[in-house]
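Colleague: I should like to go through the assignments in this model and hear the reasoning behind each of them. Please begin once the structure is on display.

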Amino acid sequence: MSRRVLIVTHGGRPEAVAALSEAVRELTEAGFEVALHDDDLAESFGDHMAAARVREGVTDSEAVMVLGGDGTILRAAELTHGTGVPLLGVNLGHVGFLAESERDDLRHAVRRLAARDYEVEERAVVDVAVHLPGEESPRTGWALNEATVEKARRERMVEVGIAVDGRPLSSFGCDGVVMSTATGSTAHAFSAGGPVMWPEVDGVLLVPLSAHALFARPLVIGPRSTYTVKVLERSPVPAVLTCDGRRRIDLPVGSWVEVRRGALPLRFARLSPAPFTDRLVSKFSLPVVGWRELAANRPDHRAPASDEHDAHGEHDTHGEHDEYDKEA
């Protein structure tokens, strides 16, 4: 029985077309049957028939290889959510936080896939239920990165009420509220001032956007808790819910949204055992070199002043950072 890999890519980019050609060649030579998926895949929020339309043939695949950036991976996640088929991302974008391999390592990634030399990592999603005025049953959806409630019009703030496990917590005017998984904590929530959560943190983050309130700090709840965000009756504008920047639904005044950790995680094929800390440093180009080591590598580095020179009152710039160096 032949092994099958499904490829999802950003077909409108020249670099993606070149990478697709190479990937098909390498996978075919490695003995895989290759299928391509070039539909947009965008679901409407709460459209349960979308799964049947877009996932045809996915469960017959050993993996879904994604050629693109994080946006393309989120797009491919609509294919694999609930199927158990792992995603293998090859980064063609800028940061590529969700990708496992870079463009130059495509051949190596195919070889590892052919040898089944990879681990499968599960990432939690959030399940989302939307209650609309006049509708008895909620509309449901999910997100890998985040579910965001934002004002539908620019000129006014939206007034929201926040509850945890059905207990009122706070209410305020704001531009919106981001509710993210640990995976999404480095995306929209991060740019809004939220903390970075390591993938194994089993919680859901909430970050208010430009809230006009004294108590509007990021919150993290556990895996058995639920956020409720209501568009209050006093709100001068309605809101809109967006999941992963792709699936959206309008929220008229009086609507409320419930967000909790999802029951069906997404699966990723991982080629490297490197800890998340290393991925964070690499993707964000974080400065991890200590002050002394950094200074020693500068072209204009000068030797430290002698004790006699220091005794005459010259400023010891290295000494200022002794405590920092001990911690670095």
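Modeller: Ser285 is a suitable start: its relative accessibility is 62%. This is a predicted model, and Ser285 is found in the loop between helix 6 and helix 7.

Colleague: Why is Ser285 called exposed?

Modeller: The cut-off for exposed is over 50% relative accessible area. Ser285 has 62%, and therefore counts as exposed.

Colleague: What makes the backbone of Ser285 worth noting?

Modeller: Ser285 has a positive phi of about 50° although it is not a glycine. Most residues other than glycine have a negative phi. The position of Ser285 is just after helix 6. Asp165 also has a positive phi, near 55°, and is likewise a residue other than glycine. Asp165 belongs to the loop between strand 10 and strand 11.

Colleague: Is Asp165 to be called exposed or partly exposed, and why?

Modeller: Its relative accessibility is 46%. Partly exposed covers the range between under 20%, which is buried, and over 50%, which is exposed; Asp165 therefore counts as partly exposed.

Colleague: Let us turn to helix 6 itself. How do you know on which side its buried residues lie?

Modeller: Phe276, Arg279, Leu280 and Lys283 are buried in helix 6. They cover an arc of only 100° around the axis, so they are on the same side of helix 6. An α-helix has 3.6 residues a turn, so residues three or four places apart point the same way.

Colleague: Against which elements do the buried residues of helix 6 pack?

Modeller: They pack against strand 4 (87-91), strand 5 (101-102) and strand 19 (266-270).

Colleague: Why is Lys283 called buried?

Modeller: Buried means under 20% relative accessible area, and Lys283 has 17%, so the term applies.

Colleague: What makes the pairing of Lys283 and Glu102 a salt bridge?

Modeller: The criterion is a side-chain nitrogen of Lys or Arg within 4 Å of a carboxyl oxygen of Asp or Glu. For Lys283 and Glu102 the N to O distance is 3.0 Å, so the criterion is met. This pair links distant parts of the chain, with Lys283 in helix 6 and Glu102 in strand 5, 181 residues apart. Glu102 is partly exposed, at a relative accessible area of 33%.

Colleague: How many salt bridges are there under that criterion?

Modeller: The count comes to 21. Among them is the bridge between Lys151 and Asp175, at 3.0 Å from N to O. Lys151 is in strand 9 (residues 146-151), whereas Asp175 is in the loop between strand 11 (167-174) and strand 12 (176-180), 24 residues apart. Both ends are partly exposed, Lys151 with a relative accessible area of 22% and Asp175 with 24%. Another bridge joins Asp250 and Arg248 at 3.2 Å, and both of these residues are exposed.

Colleague: What makes Glu100, Glu121, Arg123, Arg270 and Arg279 one network?

Modeller: Salt bridges that share partners join these five residues, Glu100, Glu121, Arg123, Arg270 and Arg279.

Colleague: Why is Arg112 called buried?

Modeller: Arg112 has 17% relative accessibility, and the limit is under 20%, so Arg112 counts as buried. Arg112 is part of helix 4 (residues 106-114). Neighbours within four places in sequence aside, Arg112 contacts Asp117, Tyr118 and Leu271.

Colleague: Which residues touch the most other members of the largest nonpolar core?

Modeller: They are Val128, Val130, Leu241 and Leu251, in a core of 32 residues. Strand 10 (residues 158-164) gives the most to this core, with four residues. A second, separate core of 21 residues includes Val5, Met65, Leu113 and Ala269.

Colleague: What makes Val288 exposed, and where is it placed?

Modeller: At 58% relative accessibility, Val288 is over the 50% limit and therefore counts as exposed. Val288 is in the loop between helix 6 (276-284) and helix 7 (291-296). Together with Leu286 and Val289, Val288 forms a nonpolar patch on the surface, with about 240 Å² of accessible area.

Colleague: And how much of the whole chain counts as buried?

Modeller: Of its 328 residues, 46% count as buried. The protein chain has nine helices and 19 strands.

Methods:
Residues numbered from 1 in each chain as written. Predicted model: local features only at pLDDT ≥ 70, side-chain atom pairs only at ≥ 80, totals over all residues. Heavy atoms only, no water. Patch = residues over 30% accessible without salt bridge, like charges linked within 9 Å, V, L, I, M, F, W, Y side chains within 5 Å. Areas by Shrake-Rupley, 256 points an atom, 1.4 Å probe, with all protein chains shown as cover. Helix = DSSP H or I, 4+ residues; strand = E, 2+ residues; numbered from the N terminus. Buried < 20%, exposed > 50% of the residue type's maximum accessible area, 1.4 Å probe, protein only. Core = buried A, V, L, I, M, F, W, Y, C linked by side-chain atoms within 4.5 Å. Arc of directions from axis to C-beta. Contact = heavy atoms within 4.5 Å.
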